[in-house]
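Thanks for sharing this one with me. My notes follow as numbered points, meant to be read with the structure open beside you.

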Amino acid sequence: MAWALVWLIVGIALMIAEVVSGDFVLIMLGVGALFGAGAEVLTGNVFVDVAVFAVASVGMLMLVRPALKRRFLAGPTHHTGIEALIGARAVVVSTVDHEAGQVKLAGDVWSARSMSEHLPPIQPGTPVTVVEISGATAVVSAEP
């Protein structure tokens, strides 16, 4: 039972140390140590404890750590500039066809054109969606 206490203390100490490192290695070893403590309580054999600790730690480092790093360190995607305008709503200011027109987009008047030459012209006041930005021209599609 003394070994269970040692495994428990080591596990908790490693988890606390993870706060400083932030690399998700010590937390995996700490969880492995907690598994070792559980094995000690169930078996009472220190060799089994070490084997359980090793298997749990390696398994967590190889399977859980990469997923955690992707989840916590990737951060949110934040579009800026032109990328932020794609999918935005605009309002037609002057008739938009496949060659020319103007829309009010994000508070500014932009030159615009429709997606296809086969579509009818889009009349002023019609809400549109920006499909892409081509140079300084917004390529738009009429909203359904």
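1. Let me begin with the order of elements: along the sequence the protein reads α-α-α-β-β-β-β-β. That corresponds to three helices and five strands. Please keep in mind throughout that this is a predicted model.

2. The overall form deserves a comment. The protein is more spread out than a compact globule, because its radius of gyration is 30 Å, well over the 15 Å that the globule rule gives for 144 residues. Along the principal axes, the C-alpha trace spans about 80 × 30 × 20 Å.

3. Next, burial and surface. Of the 144 residues in the protein, 24% are buried. The accessible surface is about 9,000 Å², and carbon and sulfur atoms contribute 68% of that area.

4. On contacts and charges: if you take the contacts with a separation of 6 or more, 50% of them link residues 24 or more positions apart. The protein carries 7 positive and 11 negative charges, and the mean positions of the two sets lie 3 Å apart.

5. The strand pairing around β5 is worth a careful look. Strand β5 (residues 137–142) runs parallel to strand β3 (residues 108–114), with four bridges joining them. Within this pairing, Ala112 has Ala138 of β5 as its bridge partner. With strand β4 (residues 127–134), β5 pairs in the antiparallel sense, over six bridges.

6. For the turn, go to the hairpin of β4 and β5, where two residues sit between the strands. Gly135 has a positive phi there, near 65°.

7. I would finish on Glu132, which belongs to strand β4 and stands opposite Val139 in β5. Is Glu132 buried, partly exposed or exposed? Its relative accessible area is 39%, so Glu132 counts as partly exposed, the class between the 20% and 50% cut-offs.

8. What does Glu132 touch, leaving aside residues up to four places away in sequence? The contacts are Ile86, Thr137, Ala138 and Val139. Val139 is thus worth viewing together with Glu132, as the two stand opposite each other across β4 and β5. Ala138, another contact of Glu132, is also the bridge partner of Ala112.

9. One last pair to display is Glu132 and Glu83. They are 49 residues apart in sequence, while their C-alpha atoms are 8.5 Å apart in space.

Methods: Residues numbered from 1 in each chain as written. Predicted model: local features only at pLDDT ≥ 70, side-chain atom pairs only at ≥ 80, totals over all residues. Heavy atoms only, no water. Rg over C-alpha atoms; globule rule 2.2 N^0.38 Å. Buried < 20%, exposed > 50% of the residue type's maximum accessible area, 1.4 Å probe, protein only. Contact = heavy atoms within 4.5 Å. Areas by Shrake-Rupley, 256 points an atom, 1.4 Å probe, with all protein chains shown as cover. Lys, Arg positive; Asp, Glu negative; His and termini not counted. Charge placed at Lys NZ, Arg CZ, Asp CG, Glu CD. Pairing = 2+ DSSP bridges.
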